[in-house]
Amino acid sequence: PTSAQVSAVPHPGRFRYTLDNGVLTTEQRQFYEDNGYLLIKKLVSDEDIERFRKEFVRICKKEVNPPGAMIMKDESLRSQYGQSEKVVNKVQDFQEDKELFRYCTLPEVLKYVECFTGPNIMAMHTMLINKLPDSDKQTFLHPMHQDLHYFPFRPAARIVCSWTAMERADQDNGCLVVQPGTHKEPLKPHGYPNLEGKTNKLFHGLLDEDEKSPRVHLVMEKGDTVFFHPLLIHGSGINKTSGFRKSISCHFASSECYYIDVKNTTQEHLEKELVEMVHKKYNATSVELR
């Protein structure tokens, strides 16, 4: 199909990015329409967060090995710390880990997700981020980017990220930084930033960044959850503390979204890179981005 028939009809004219299901107040809907994100305080319980943290530590220690999960490590620390959370900076695609995937099924999270995607929801991309301490090297700086760059499906307005702080996140430990209102802009070209070799695989950033665009640092407490649009320009700074800044997130989309062919788009080079990685990792002969 060339257009996604979304069963939940957006408010004609006034609300483009949220759906009317009685969960969000008019003020909350207007805030998301204007800014492209919405922060909900204390949405996820301390008990759930503690369970996710324990499971993450088990994955780091290789006590569990979820199939399909991509475990990203800082190789330079491995000789010093071996298998531990001091080395792993991200667990991506944890959908086969029952304990972590519980995050994507929490009723309190899905209640809000439905305001953006409508009632038929798919979990598309999952991550638990463990931002390691990083004084001067800036290895774990994620440059400003738009998440839609990584997704070969549309429409963007029916995709939303749910991002939950697993402990306090502020400017010291590298909280999220957003550029409000940029969700109304198109998808821009992304690539590796020019950081003299300090780049992490697939950590693409905007090639042409507007330094003057106002930024908001999202200071969040444990359990606070931000929902944001996949075109919202955002990133995160470095962790200047000695602790680990953990967060858990999932991108959800309406199951009525459709896949696009990324050939001749700004996403084409990302597809090539991913295909090469999958070839290497799984020795697969043919790979489709979807």
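Both Phe-151 and Phe-153 are buried in this predicted model. The same is true of Phe-52 and Tyr-103, which are both buried. The points below begin with the aromatic rings, then turn to the sheet, the helices and the surroundings of Ser-236.

**Aromatic rings**

- The model holds 7 aromatic pairs.
- The rings of Phe-52 and Tyr-103 have centres 6.0 Å apart and planes at 85 degrees, so this pair is edge-to-face.
- Distant parts of the chain are linked by this pair, since Phe-52 belongs to helix α2 and Tyr-103 to the loop between α4 (98-101) and α5, 51 residues apart.
- For Phe-151 and Phe-153, the ring centres lie 5.3 Å apart with the planes at 20 degrees, so the pair is stacked.
- One aromatic cluster is formed by Tyr-32, Tyr-112, Phe-116 and Phe-227.

**The seven-stranded sheet**

- An open sheet of 7 strands follows the order β1-β12-β7-β14-β4-β3-β2, and its pairing is antiparallel.
- Strands β1 (37-40) and β2 (70-73) are at the edges with a single partner strand each, so one side of each has no neighbour in the sheet.
- From one strand to the next, the twist averages 15 degrees.
- At the β1 edge, 4 bridges connect β1 with the antiparallel strand β12 (residues 225-228), and Tyr-37 stands opposite Phe-228 in β12.

**Strand β7 and its partners**

- Strand β7 is mostly covered, with 7 of its 7 residues buried.
- Ile-159, Cys-161, Trp-163 and Ala-165 point one way from β7, whereas Val-160, Ser-162 and Thr-164 point the other way; all are buried.
- Pairing between β7 and β14 is antiparallel and extends over 7 bridges, with Trp-163 opposite Ser-249 in β14.
- Strands β7 and β12 also run antiparallel and are joined by 4 bridges; Ser-162 has Phe-227 in β12 as its bridge partner.

**Helices**

- Helix α1 (residues 26-35) has Arg-29, Tyr-32, Glu-33 and Asn-35 buried.
- The elements that cover these buried residues of α1 include β1, α5 (107-117), β7 and β12.
- Gly-36, just after α1, adopts a positive phi of about 85 degrees.
- Helix α2 (residues 46-60) lies across β2, β3 (88-92), β4 (121-131), β7 (159-165) and β14 (245-254), and runs at about 105 degrees to β3.
- Helix α6 (residues 268-282) comprises 15 residues and reaches 21 Å from its first C-alpha to its last, close to the 21 Å expected at 1.5 Å a residue.
- In α6 the buried residues are Leu-270, Glu-271, Glu-273 and Val-275.
- Just after α6, a positive phi of about 55 degrees is found at Asn-283.

**Surroundings of Ser-236**

- Ser-236 is located in strand β13 (residues 234-236).
- With a relative accessible area of 11%, Ser-236 is buried, the cut-off being under 20%.
- The side chains of Ser-236 and Lys-131 make a polar contact at 3.0 Å.
- Ser-236 and Cys-175 are 61 residues apart in sequence, while their C-alpha atoms are 5.6 Å apart in space.

Key. Residues numbered from 1 in each chain as written. Predicted model: local features only at pLDDT ≥ 70, side-chain atom pairs only at ≥ 80, totals over all residues. Heavy atoms only, no water. Helix = DSSP H or I, 4+ residues; strand = E, 2+ residues; numbered from the N terminus. Expected span 1.5 Å × (residues − 1). Buried < 20%, exposed > 50% of the residue type's maximum accessible area, 1.4 Å probe, protein only. Pairing = 2+ DSSP bridges. Axes fitted to C-alpha atoms, helices over the stretch in contact; angles between N-to-C directions. Contact = heavy atoms within 4.5 Å. Polar contact = N/O pair within 3.5 Å; in protein donor to acceptor, adjacent residues only side chain to side chain. Phe/Tyr/Trp six-rings, centres within 6.5 Å; stacked < 30°, edge-to-face > 60°.
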